[in-house]
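Welcome to this guided tour. Please open the structure in your viewer and keep the sequence panel at hand, so that each stop can be selected as you read.

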Amino acid sequence: MDEGTRELLEPLPPSAKLVYYVLDEEGRFDQTGLAEETRLSTRTVRFAVEKLTEVGLVEEGLCPKDARRSVYAAVPESERPTGSEPETASEPDAEAPTATAVAED
């Protein structure tokens, strides 16, 4: 595991670390499969996947056998967003207070 992954995992709960480890080592799983593999509840798995997705370590995709289900996979380090991309995404938010200040006048 690379240093960048360790830094992203550090603040996350133990359940998220376990789910990431399983996805990284074993490959793609749906929520039920992750719950069985990790022995966590489906609610805990859902929470862990949400946290991992927020930091960019896990991606959600469609299940090829059932389009109503999602499958999850670890995002390879080479495909993760770099540190500069989130900054550009937050720039429009920086302009939002100015727009509301003008609207208030």
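Which side chain does R68 meet in a salt bridge? Select R68 and D66: the side chains of these two residues meet in a salt bridge, at 3.0 Å from N to O. A salt bridge here is a side-chain nitrogen of Lys or Arg within 4 Å of a carboxyl oxygen of Asp or Glu. R68 counts as exposed because its relative accessible area is 75%. For this and every later stop, buried means under 20% relative accessible area, exposed means over 50%, and partly exposed is in between (1.4 Å probe, protein chains only).

Before moving on, two notes on what you are looking at. This is a predicted model, in which local features need pLDDT of at least 70 and side-chain atom pairs count only at pLDDT 80 or more, while totals for chains, interfaces and linings use all residues. Residues are numbered from 1 along each chain as its sequence is written, and side-chain values use heavy atoms, with hydrogens and water left out.

**The whole chain**

Now zoom out and colour by secondary structure. The chain has five helices and three strands; helices (H or I, at least four residues) and strands (E, at least two) are DSSP runs, numbered from the N terminus. Starting at the N terminus, the order of the elements is α-α-β-α-α-β-β-α. Of the 105 residues in the chain, 30% are buried. Switch on a surface view, and the accessible surface comes to about 7300 Å², with 49% of it belonging to carbon and sulfur atoms. Accessible areas come from the Shrake-Rupley method with a 1.4 Å probe, and for residues only the protein chains shown count as cover. Among contacts (heavy atoms within 4.5 Å) between residues at least 6 apart in sequence, 48% join residues at least 24 apart.

**Two more salt bridges**

The structure holds three salt bridges, so two are still to be visited. Select D30 and R69, whose side chains meet at 3.2 Å, N to O. This pair links distant parts of the chain: D30 is in strand 1, R69 is in the loop between strand 2 (58-62) and strand 3, and they are 39 residues apart. Is D30 buried or exposed? D30 is buried, because its relative accessible area is 19%, whereas R69 counts as partly exposed at 35%. Show the surroundings of D30 as sticks: leaving out residues up to four places away in sequence, D30 touches R69, S70, V71 and Y72.

Next, select K51 and E54, whose side chains meet in a salt bridge at 3.9 Å, N to O. These two are three residues apart in helix 4, and are therefore separated by about one helical turn. An α-helix has 3.6 residues a turn, so residues three or four places apart point the same way. E54 is exposed, with a relative accessible area of 54%, while K51 is partly exposed at 24%.

**Helix 3 and the residue after it**

Select residues 31-38, which form helix 3. Which residues of helix 3 are buried? They are Q31, G33, L34, A35 and T38. These buried residues pack against helix 2, strand 1, helix 4 (42-54) and strand 3 (70-74).

Now step on to R39, which follows helix 3 and lies in the loop between helix 3 and helix 4. R39 is a residue other than glycine with a positive phi, near 65°. Most residues other than glycine have a negative phi, and most peptide bonds are trans. At 79% relative accessibility, R39 counts as exposed.

**A buried threonine**

Jump to T5 in helix 1 (residues 3-9). T5 counts as buried because its relative accessibility is 0%. Leaving aside neighbours within four places in sequence, T5 is in contact with Y20, L57 and R80. Draw a distance from the C-alpha atom of T5 to that of G56: the two are separated by 9.8 Å, though 51 residues apart along the chain.

**Last stop**

To finish, select D24, E25, E26, E36 and E37, which form a negative surface patch. Helix 2 (14-26) and helix 3 are the elements that give two or more residues to this patch, and helix 2 gives the most, with three. Patches are made of residues with over 30% relative accessible area and no salt bridge; like charges are joined within 9 Å, and nonpolar side chains (Val, Leu, Ile, Met, Phe, Trp, Tyr) within 5 Å. Lys and Arg count as positive and Asp and Glu as negative, with His and the chain ends not counted. The place of a charge is taken as NZ of Lys, CZ of Arg, CG of Asp or CD of Glu.
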